[in-house]
Amino acid sequence: MPYFSEADARLIIRQTYGEVQSANAEVAEAIYDREELERLPYGSVALALGVGHPVRYAALKPGETVLDLGCGAGIDTLLAGLAVGSEGRAVGLDMTPAMIERAREHVTSLGLTNVELREGLMEAIPLPDGSIDVVISNGVLNLSTRKGRVLAETMRVLRPGGRVSLADLVITEALPEEVLKSPAALAG
Amino acid sequence: MEPVLLKKFFNAGFEEIRVVDRKPFGLAELARYPLFAPEFLDFLRKVVPSHRHEELVYSIVVTGRKPEKGGEEDG
């Protein structure tokens with residue numbers, strides 16, 4: 001039984017991510033290679049909030065179309081856009097308008113013309129069936145109260161033979177109930 | 001939990017499901033994130049047994065593939 005309703009969870013997450021500020025690149029430096037970070041706008045690096053490196057394992061090829069579920073300020077969307085090149089396309093999807101706005105600034109700053117950003121829910125991805133070659137996501141699935149629905153939507157938008165590379169946090173042993181009930185834990 | 005997550009991938013119809021990266025994620029890692037206030041980290045230090053502070057959760061990367069034909073089920 002979830003500790004938060006879907007509506008409450010979205011409200012908490014939108015507020016937390018909409019207001020988040022970061023003054024350093026500590027998270028990004030623990031995850032990404034220095035060479036990767038040097039290519040990106042500092043704002044996208046400072047606002048990296050992922051927990052792994054899904055792009056590293058996605059084996060992206062030039063010309064592919066990539067969807068980044070919960071793109072945040074855009075670090076993985078930018079890396080995907082660079083990897084697929086001008087013949088490919090990267091789509092960043094996020095439900096938090098402030099994050100989409102930040103990601104858009106970073107795309108513009110990097111001068112990428114093959115990246116598109118969309119506001120929307122990963123439980124109802126606003127893209128046609130079979131339109132995506134690769135879905136990536138970084139530390140976002142755990143934010144959803146309907147993970148099965150998110151994965152079903154991921155399956156729907158992928159073309160047959162399409163790939164997914166998803167980083168997330170999992171517990172190996174139950175956490176105390178006080179933690180699970182905490183809005184701060186939910187948003188992280 | 002990891003097996004639950006992998007089962008959701010399976011139920012969604014993915015094949016070739018693999019955990020390609022797996023790292024412990026403790027309080028020190030959480031402290032890097034601006035999402036967590038110091039008060040929340042202090043709260044975790046108090047309520048989570050100390051032997052779990054370095055391995056509170058795991059960061060994993062899961063990969064999978066949509067079958068060439070079919071495979072669309074809701075998980």
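Colleague: Why is B:Glu16 called exposed?

Modeller: In this predicted model, B:Glu16 has 11 other C-beta atoms within 10 Å, and a residue counts as exposed if that number is 12 or fewer, so B:Glu16 meets the cut-off and is called exposed. The residue belongs to strand S1 of chain B, and its phi is positive, at about 55°, although B:Glu16 is not a glycine.

Colleague: Which residue of chain A has a positive phi although it is not a glycine, and what makes A:Ala59 exposed?

Modeller: A:Ala59 has such a phi, of about 50°, and is found in the loop that runs between H4 and S1 of chain A. The count for A:Ala59 is 12 other C-beta atoms within 10 Å, and since exposed means 12 or fewer, A:Ala59 is called exposed.

Colleague: Why is B:His53 called partly exposed?

Modeller: B:His53 has 14 C-beta neighbours inside 10 Å, whereas exposed requires 12 or fewer and buried requires 20 or more, so B:His53 falls in between and counts as partly exposed. B:His53 sits in the loop between helix H3 (38–47) and S2 of chain B. Leaving aside neighbours within four places in sequence, its contacts are B:Gly26, B:Leu27, B:Arg45 and B:Val48. B:Phe25 is 28 residues away from B:His53 in sequence, and their C-alpha atoms are 8.8 Å apart.

Colleague: Turning to chain A, what makes you call it as compact as a globular protein of its length?

Modeller: Chain A has nine helices and five strands, which follow one another along the sequence as α-α-α-α-β-α-β-α-β-β-α-β-α-α. Its radius of gyration is 16 Å, and the globule rule gives 16 Å for 188 residues, so the two values are close and chain A is as compact as a globular protein of that length. Of the residues of chain A, 47% count as buried, and among its contacts with a separation of 6 or more, 73% join residues 24 or more positions apart.

Colleague: How do you know that the span of helix H6 (residues 97–110) of chain A agrees with its length?

Modeller: Helix H6 has 14 residues, which at 1.5 Å a residue should span 20 Å, and its end C-alpha atoms are indeed 20 Å apart, so the expected and computed spans agree.

Colleague: Which residues of H6(A) are buried, and why are they said to line one face of the helix?

Modeller: The buried residues of H6(A) are A:Met99, A:Ile100, A:Arg102, A:Ala103, A:His106 and A:Val107. Seen down the axis of H6(A), they fall within an arc of 160°, so they line one face. An α-helix has 3.6 residues a turn, so residues three or four places apart point the same way. The face of H6(A) turned away from the buried side carries the exposed residues A:Pro97 and A:Thr108, while the cover over the buried residues includes helix H1 (6–19), helix H4 (42–46), helix H5 (75–84), strand S2 (89–94) and strand S3 (115–119) of chain A.

Colleague: What makes S3 of chain A and strand S1 (15–25) of chain B edge strands?

Modeller: The open sheet has seven strands in the order S3(A)-S2(A)-S1(A)-S4(A)-S5(A)-S2(B)-S1(B), with mixed pairing. S3 of chain A and S1 of chain B each pair on one side only, and they are its edge strands. From one strand to the next, the twist averages 15°.

Colleague: How do you know that S5(A) and S2(B) pair?

Modeller: Pairing requires at least two bridges, and S5(A) and S2(B) have eight, in the antiparallel sense, with B:Val61 in S2(B) as the bridge partner of A:Ala167. Within chain B, S1(B) and S2(B) also pair in the antiparallel sense over eight bridges, whereas strand S1 (residues 65–69) of chain A and S2(A) pair in the parallel sense over five.

Colleague: How many residues does S5(A) give to the side of chain A that touches chain B?

Modeller: S5(A) gives 12 residues, the largest share of that side, and in total 42 residues of chain A are in contact with 40 residues of chain B.

Conventions:
Residues numbered from 1 in each chain as written. Chains lettered and ligands numbered in written order. Predicted model: local features only at pLDDT ≥ 70, side-chain atom pairs only at ≥ 80, totals over all residues. Helix = DSSP H or I, 4+ residues; strand = E, 2+ residues; numbered from the N terminus. Rg over C-alpha atoms; globule rule 2.2 N^0.38 Å. Contact = placed C-beta atoms within 7 Å. Expected span 1.5 Å × (residues − 1). Arc of directions from axis to C-beta. Axes fitted to C-alpha atoms, helices over the stretch in contact; angles between N-to-C directions.
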